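Here are a few exercises to work through with the viewer open. Try each task before you read its solution.

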Protein chains: 2
Amino acid sequence: MTHGPPAPARRRGRPRGGASDARERILAAGASEFAEHGYDGATMRAIAERAGVDSALVHHYFGTKSELFAAAVDIPANPARLVPQALEGDPADAGARLVRLIVTTWDSPTFRPRGVALLRGVIGNRRTSSMLMGFISREVLHRIRERIGGDDAPRRAGLLASQVIGLIVARYVVELEPLASASVDDVVRDVGPTLQRYLTGDLDEASPGA
Amino acid sequence: MTHGPPAPARRRGRPRGGASDARERILAAGASEFAEHGYDGATMRAIAERAGVDSALVHHYFGTKSELFAAAVDIPANPARLVPQALEGDPADAGARLVRLIVTTWDSPTFRPRGVALLRGVIGNRRTSSMLMGFISREVLHRIRERIGGDDAPRRAGLLASQVIGLIVARYVVELEPLASASVDDVVRDVGPTLQRYLTGDLDEASPGA
């Protein structure tokens, strides 16, 4: 069932194996380096050395550390690229756009099982948890904080993360009904205003029902 | 450091061991029964039979199935008792009371490590997850739904659960800053209005910032 091209013949003086072999070794080196030094501590140079390739090849295959990390831990969609996209445009609708992005991504049958497996690992295991949180903190929350701006940006980003994490765990991991079966539009309508308040609302005003 | 009465001497015709031994056997029987049949499927009668004691003794030690479950899986505080208490009183402040209860309970140094361990197990393991969600659904969400009332009570309870789960995971499991170090009052101020909207707010109104 493999329809790819045959593996290229080895050449003298080159690393063992062909291009796909080098890519696999970079991925494996990345996984080890991130596990040992955390997301912030790992460098593209150290990963290249570990894989026995030139740094330029690591950048050629993966571009940024964030993309290499996403590939190494098998994140099926890179939030470092997607989340800032959702925050572009009118800030008054950013909460709804963000919920819609998250729910449509996680609803996808190709994303969901890998996302759930990753999340179970992150929450179930302290070491994985700390490595992935380093990535989320640097690549996702940092961009959200920059986008929000102002002194209370870290507080707002943390609150936003709390509702996003809870939505994902409730809908996809523990499959709490009726949330688990709600339509995308229903989730956007229900959870969008919460994210909007965390992003741009007056956090110190009394609750609407109080 | 044990100041309780000494274990009673064994009598012929009684189960092996004293009172504390029977209690331990009920706990072990409960843990197995819940694991095999889920929270809803397990009965006090089956647990008594499995432990080789009279049903009355199970009720004597643990009162309700919910209390036995909390003891068997080592939940350090029974949400089936605490959450309905927080929902008593003025509905306009219920969101704030609920956040305060959750944060003060989880902030406690005796509760927190056991709560985190339990949550890691629940989310990390499909079987534990399903058993505990049966309990949460029956004993906690059902009471919240009854308390909210109306046709949209299940939807409101699910949304409430999503923010509560996310708050707990972000603050206590992945320890996301600045949320992890925020004071109880700050968390109540920030997250209370979200729970209040889910409990009593107009879910279909546009977000405040839109």
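The exercises below deal with a predicted model, and each one comes with a worked solution.

**Exercise 1. Work out how chain B is related to chain A, and find which residue of chain B comes closest to the rotation axis.**

Solution.
- Step 1: Start from the general idea that two copies of a chain are related by a rotation about an axis and a shift along it.
- Step 2: Superpose the chains. A turn of 180° with a shift of 0.0 Å along the axis lays chain B on chain A, and the RMSD is 0.0 Å.
- Step 3: Put a name to it: this is the relation of a two-fold axis.
- Step 4: Look along the axis. Gly166(B) is the residue of chain B that comes closest, with its C-alpha at 1.7 Å.

**Exercise 2. Describe the contact between the chains: how many residues does it take, and how much area do chain B and chain A bury?**

Solution.
- Step 1: Count residues, taking heavy atoms within 4.5 Å as contact. Chain B gives 42 residues and chain A gives 41.
- Step 2: Compare the two sets. Of the interface residues of chain B, 95% are also interface residues in chain A, so the copies meet through the same surface.
- Step 3: Add the area. About 3,800 Å² is buried between chain B and chain A, with 62% of it on carbon and sulfur atoms.
- Step 4: Check the charges. Four salt bridges run between chain B and chain A. One of them pairs Arg189(B) with Asp204(A), whose closest N and O atoms are 3.5 Å apart.

**Exercise 3. Characterise the packing of helix 10 of chain A with helix 9 of chain B.**

Solution.
- Step 1: Get the geometry. Helix 10 of chain A (residues 184-200) and helix 9 of chain B (residues 153-173) pack at about 35°, and their axes lie 11 Å apart.
- Step 2: Get the hand. The crossing is right-handed.
- Step 3: List who touches whom. Helix 10 of chain A brings Arg189(A), Asp190(A), Val191(A), Thr194(A) and Tyr198(A), while helix 9 of chain B brings Arg155(B), Leu159(B) and Gln163(B).
- Step 4: Sort them by class: three nonpolar, two polar and three charged residues.

**Exercise 4. Find what Arg50(A) forms a salt bridge with, and say what the pair ties together.**

Solution.
- Step 1: Search everything. The whole structure has 32 salt bridges over all chains.
- Step 2: Pick out Arg50(A). Its partner is Glu33(A), and the closest N and O atoms are 2.6 Å apart.
- Step 3: Place both ends. Arg50(A) is in helix 2 (residues 44-51) and Glu33(A) in helix 1 (residues 19-41) of chain A, so the pair ties together parts 17 residues apart in sequence.

**Exercise 5. Look for unusual backbone in the loop between helix 9 and helix 10.**

Solution.
- Step 1: Recall the background: most residues other than glycine have a negative phi, and most peptide bonds are trans.
- Step 2: Check the prolines. Glu177(A) to Pro178(A) is a cis peptide bond with omega near 5°, and Pro178(A) sits in this loop of chain A.
- Step 3: Turn to chain B. The bond joining Glu177(B) and Pro178(B) is cis with omega about 0°, and Pro178(B) is in the loop between helix 9 and helix 10 of chain B.
- Step 4: Check phi. Glu175(A), not a glycine, has a positive phi of about 50°, and it lies in the loop between helix 9 and helix 10 of chain A.

Notes
Residues are numbered from 1 along each chain as its sequence is written. Chains are lettered from A and ligands numbered from 1 in the order in which they are written. This is a predicted model: local features need pLDDT of at least 70, side-chain atom pairs count only at pLDDT 80 or more; totals for chains, interfaces and linings use all residues. Side-chain values use heavy atoms; hydrogens and water are left out. Axes are lines fitted to C-alpha atoms, for helices over the stretch in contact, and angles run from 0 to 180 degrees between N-to-C directions. Helices (H or I, at least four residues) and strands (E, at least two) are DSSP runs, numbered from the N terminus. A crossing is left-handed if the near helix is turned anticlockwise from the far one by less than a right angle, and right-handed if clockwise. Ala, Val, Leu, Ile, Met, Phe, Trp, Tyr, Cys and Pro count as nonpolar, Asp, Glu, Lys and Arg as charged, and the others, Gly among them, as polar. Copies are superposed by least squares on the C-alpha atoms of residues with pLDDT of at least 70 in both. Buried area is the accessible area (1.4 Å probe) that two parts lose on being put together, summed over both. A salt bridge is a side-chain nitrogen of Lys or Arg within 4 Å of a carboxyl oxygen of Asp or Glu.
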